[in-house]
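User: Hi! I'd like to understand the reasoning behind some structural labels. Could you take me through a few?

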Amino acid sequence: MKFMKRTKKNTITIGMKLTVLLLLIQFSTTVFGQNTIILCNTDQKSSTEQARSDQGMISKTIHINQEIDIDSDININDTIVFNLFADKHYSAVVSQVTKNVLETTTISCSLIGYDLAYCVITFSDSKYAIIIDIPSKNEYYKINFNRENNTYYVSLFNRANMNSVDEAPGILPPSPKMENIEGNMNKDEPSHSKSGTFSPYQQNNLKSVGDPEIITLMVVYTPAAAAWSAANETSINNTISMMLATSNLVLSNSNTNVQLELVHSEQVAYTELNNSNDLYNLRDDGDGIMDNVHTLRDTYCADLVMLLENISFTGGLGYTLNTTSPFGLPTYAFSLVRVQQANGATFTPIHEIGHNMGCHHHKLQSVSPGPGLYSYSAGWRWNGVSGDYCSVMTYTSGTYFGDGITHQRVPYFSNPDVLYEGIPVGNSVDGDNAKTVRIEKSVIASYRNGCCIQPSVQASVNQVVNISDTSATIKWTRGNGSNIIVLLRESNAVNIPPVDGSSYSADSCFGLGSVTQLDNYVVYDGIEDSVTVTNLSPGSMYYYAAYEYNNTDNCYSGSPLTGSFSTFLTPPPIAGQANADTTICENNVAELEVINYYGNIQWQDSPNGTSGWANVSGGTGQNAALYTSSTLSDTTYFRAQISLPGYSNVYSNIVVANVISIDNSLTQVGDTIFSNHNNAVSYQWVDCNNSFVDIFGETLQYYIPQTSGSYAVIIEDGQCVDTSTCMTISFTDIFEETEKTFTIIPNPVIDDLIVQSSSDYKNTSYLIYNSLGQVIMKGNLKLSNIVNTSSLTPGYYTIRIIDDEITETILFFKQ
């Protein structure tokens, strides 16, 4: 089983109430120091809940947020908030996140404030299935996907009306001196079996009852079972994954020191007979019915085999272990389960697996009473604080007991040392199936030892990058093994693969890791998709082989991903450092230099420093450490590209050549000349007709001549100086202008612009336009003839003054 590492803590909300249907987007906030993630929402806009009397069920549509990445956004110790119906709100803490051989992600969690209430979330083929079980409140919820209308539903079931079927009595296999112990119902034991047996070596290596153990399980299913799961529980993979999670919950709650691991699942070509012959047809080999199951069991090393069917004659049926032999009964480690009861409150799958391990029903049952393998191998029932409860091996209905009291099944094997609501769930004399499991677990787990379970998909699409004289990075696309191990060999192909069952120490420094033999070194062993190997020899050929494997048995068999690469004779290029940014005047050159580099130089330029990089054209020293550009009219970005054969190019830091451009044009407004270059360091107006002599005191951006003439301005901006064109002013032209009704002062203006009129203001209004002709201000001059321009940026503007039939336009400059 692939356990995924988790570190983050989140709070996930499921089933938030909405009054309208919303398009959901993933978001997070902080709640008590954790992140909150909305996973799904009930649809409060839909019609009232639909009820089904046959199952005591109400259901409602629910919306799943598909933007949640279940493999990365939900982690161990996260809090999930379930807002299911208007009056049903619960919180749960994530206890485990796993991904099984079906590539199905399973999340197990326990509800806060309710003893052993639990939830399971599975995700397969981009679809969710969720169950929430609260025994103390007699509530059982399911969230499943309906493929007919492409909608998720949340359903609340009444446990007493869940349309479940009681399990059939466990079938006792024949003892070595017995045949057909069940009479004519049971077929003879087959004369041969493809299934392996318990070896003497394995017998001598049984673990103690206190040691943890893994029992492998293979699940096969009929087409009818798959169809039912697709229609009712999203998919058969979700059904099987939930079944595994709830079964392991029972084993964990009961302190059995054992867990189930799913090693394979597959559909079988079989149609249900809907009677006990279905189990016999599953177990028997050589009769032409489901014979491939035995081959699959050996191939995938399954200790136990379970068949899921769409049946009605029983909830489940299995063989009961009836021998304390250290070999067990591997040829009878079979069971079948009604697919409708594969997951949920009946715990039927683990009930049947309990039979396979020697567990039995309650001793006081009227039908098929315990004990099983040992005198204490029996179920238990008790009166709890919140209700009457029983263990998973006990029939629930009061019709099987003299007291007539129906009990609710909870996720426990009987165990006198485990308490539920403060009350023991077993009895040391008459009800301790958990002890039976602990004793027999290693026997069962040894039914199929020594198998080599290969991943079905090996690594692929290899690539070697960042090769240098002494290092290289090997990349691959992962298969479906739990781990991948990479071997590297110099000069020759890898010829000694890792040995099945062995463990190795990996080191990416070549020569320091384990060797399979001679010079085949292990350079990586883990779950990632790349490794950077160091300590390589310059100019050498290296060969690698990557093996996907499952870390439960360290089985490395299979065709590895292979490849090769050569290291370079020379070290990689070094980018070096270019000089700092520089500032130049328009139509001048930039001087650039790179130092501490190694390799061949090619200077490049770009208009913006992020794209459009190209080799420089013009200038001198394009391939030298010192480069002088051609004349520049705009700010330009430069870098030095350093290259060596066989290596990727590297680049120096970017140098910005800031180009200062001076606008040397002038504009006349009335009797005032303005420089069109804003925010210069200094201005100095000169007389063009007098050898460009400075005009004393005229150092503003504008100049008001006192006499007719030709004038220019010397502009200094940074390190750049330029002289404007000359402008001729004729006072005769100025004074001959038509007299205006309106004038403005001052011009240029800093803040307040005063509009003066030769007549009384009537309905006088104004509009101010920018250089693009857009109206940016407007107002009325009747109450005040002052226009505040403080909000305008420096530059030229036009004010249009309108008074009845008079309209005048005046240009002004805002400083």
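Analyst: Happy to! This is a predicted model. Let's begin with a pair of residues: Ser-710 stands opposite Thr-728 in β47.

User: What makes β45 and strand β47 a pair?

Analyst: Two strands pair if there are at least two bridges between them. β45 and β47 (residues 727-729) have three bridges, in the antiparallel sense, so they meet the cut-off of at least two.

User: Which other strands pair with β45, and how do you know?

Analyst: The same test works here. Six bridges join strand β42 (residues 682-687) to β45, and Val-686 has Ala-712 in β45 as its bridge partner. Four bridges join β45 to strand β46 (residues 720-723), where Ile-714 is partnered with Thr-723. Both pairs run antiparallel.

User: What lies between β45 and β46?

Analyst: Two residues separate them, and the strands form a hairpin. In the turn, Gly-718 has a positive phi of about 65 degrees.

User: Why is β45 called largely enclosed?

Analyst: A residue counts as buried under 20% relative accessible area. Seven of the nine residues of β45 (residues 709-717) are buried, so the rest of the structure largely encloses this strand.

User: Now to a helix. How do you know that the buried residues of α3 line one face?

Analyst: The buried residues of α3 (residues 223-232) are Ala-225, Ala-226, Trp-228 and Ser-229. Viewed down the axis of α3, they fall within an arc of 160 degrees, so they line one face of the helix.

User: What do the buried residues of α3 pack against?

Analyst: They pack against β14 (213-221), α4 (236-253), β15 (258-267) and β16 (304-309).

Notes
Residues numbered from 1 in each chain as written. Predicted model: local features only at pLDDT ≥ 70, side-chain atom pairs only at ≥ 80, totals over all residues. Heavy atoms only, no water. Buried < 20%, exposed > 50% of the residue type's maximum accessible area, 1.4 Å probe, protein only. Arc of directions from axis to C-beta. Contact = heavy atoms within 4.5 Å.
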